Amino acid sequence: MLKKTLLALSFAGLAFAAFAQQPGIKRTPLQKVEFPDGYNTITAIAEVPAGGAAGRHTHPGIETGYVLEGELTLLIDGQPDKTLKAGDSYQIPAGVVHDAKAHGDKSMKVLGVYVVDKTKPLASPAP
């Protein structure tokens, strides 16, 4: 049992580290809580430089966030593109392909909260 728990924690840590280094985006992990049962709730700051993009990807759970600085275009498959500015919030359903692009000539920064299946990678690239 202890081996399984340590393996799961190692896998989740590697997935979080890999996601934190995704090209085009800088993520600063702030907190990780194993809650609710079977999930991790992860809070992070995500930054995309002017003209940059996070890249199309998915999460094995929901993402919700708040724009701290700048403006971004949020592209969620199946929904119209949204332009968000500092003070706006957003939600992305589990497993839905999405991307965030810095809008204008400034970088953007968001506070993101991810509630994800702890047995899966935090994010997976999408075509």
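Which side chain meets that of Lys-85 in a salt bridge? In this predicted model, the partner is Asp-88, and the N to O distance between the two side chains is 3.8 Å.

**View 1. The salt bridge of Lys-85 and Asp-88.** The side chains of Lys-85 and Asp-88 meet here, 3.8 Å from N to O. Lys-85 counts as partly exposed because its relative accessibility is 45%, which lies between the limits of 20% and 50%. Asp-88 also counts as partly exposed, at 22% relative accessibility. Side chains of opposite charge can pair when their charged atoms come close.

**View 2. The whole chain, as a setting for the other views.** The protein chain holds one helix and ten strands, and, read from the N terminus, the helix is followed by the strands in the order α-β-β-β-β-β-β-β-β-β-β. Of the 127 residues in the protein chain, 35% are buried. Among contacts with a separation of 6 or more, 68% join residues that are 24 or more positions apart.

**View 3. The largest nonpolar core.** This core has 15 residues, and those touching the most other members are Leu-72, Leu-74, Leu-84, Tyr-90, Ala-100, Met-108 and Val-110. Two or more residues each come from strand 2 (39–48), strand 5 (71–76), strand 7 (89–92), strand 8 (98–102) and strand 9 (108–117), with strand 5 giving the most, namely three residues. In soluble globular proteins, nonpolar side chains tend to be buried together.

**View 4. The surroundings of Leu-72.** Leaving aside residues up to four places away in sequence, Leu-72 touches a set of residues that includes Val-67, Lys-82, Leu-84, Ala-100, His-103, Met-108 and Val-110. Apart from the largest core lies another core of five residues, and among them are Ile-42, Ala-44, Val-116 and Leu-122.

**View 5. The salt bridge of Lys-118 and Glu-34.** The side chains of Lys-118 and Glu-34 meet at 3.3 Å, taken from N to O. Lys-118 lies in the loop between strand 9 and strand 10 (124–125), whereas Glu-34 lies in the loop between strand 1 (26–33) and strand 2, so this pair ties together parts that are 84 residues apart in sequence. Lys-118 is partly exposed, with a relative accessible area of 27%, and Glu-34 is likewise partly exposed, at 46%.

**View 6. The salt bridge of Glu-69 and Lys-109.** The closest N and O atoms of Glu-69 and Lys-109 are 3.7 Å apart. This pair links distant parts of the chain, since Glu-69 belongs to strand 4 (residues 61–69) and Lys-109 to strand 9, 40 residues apart. Glu-69 is partly exposed, with a relative accessible area of 42%, and Lys-109 is partly exposed at 21%.

Conventions. Residues are numbered from 1 along each chain as its sequence is written. This is a predicted model: local features need pLDDT of at least 70, side-chain atom pairs count only at pLDDT 80 or more; totals for chains, interfaces and linings use all residues. Side-chain values use heavy atoms; hydrogens and water are left out. A nonpolar core is a set of buried Ala, Val, Leu, Ile, Met, Phe, Trp, Tyr and Cys residues joined through side-chain atoms within 4.5 Å. Buried means under 20% relative accessible area, exposed over 50%, partly exposed in between (1.4 Å probe, protein chains only). Helices (H or I, at least four residues) and strands (E, at least two) are DSSP runs, numbered from the N terminus. Contact means heavy atoms within 4.5 Å. A salt bridge is a side-chain nitrogen of Lys or Arg within 4 Å of a carboxyl oxygen of Asp or Glu.
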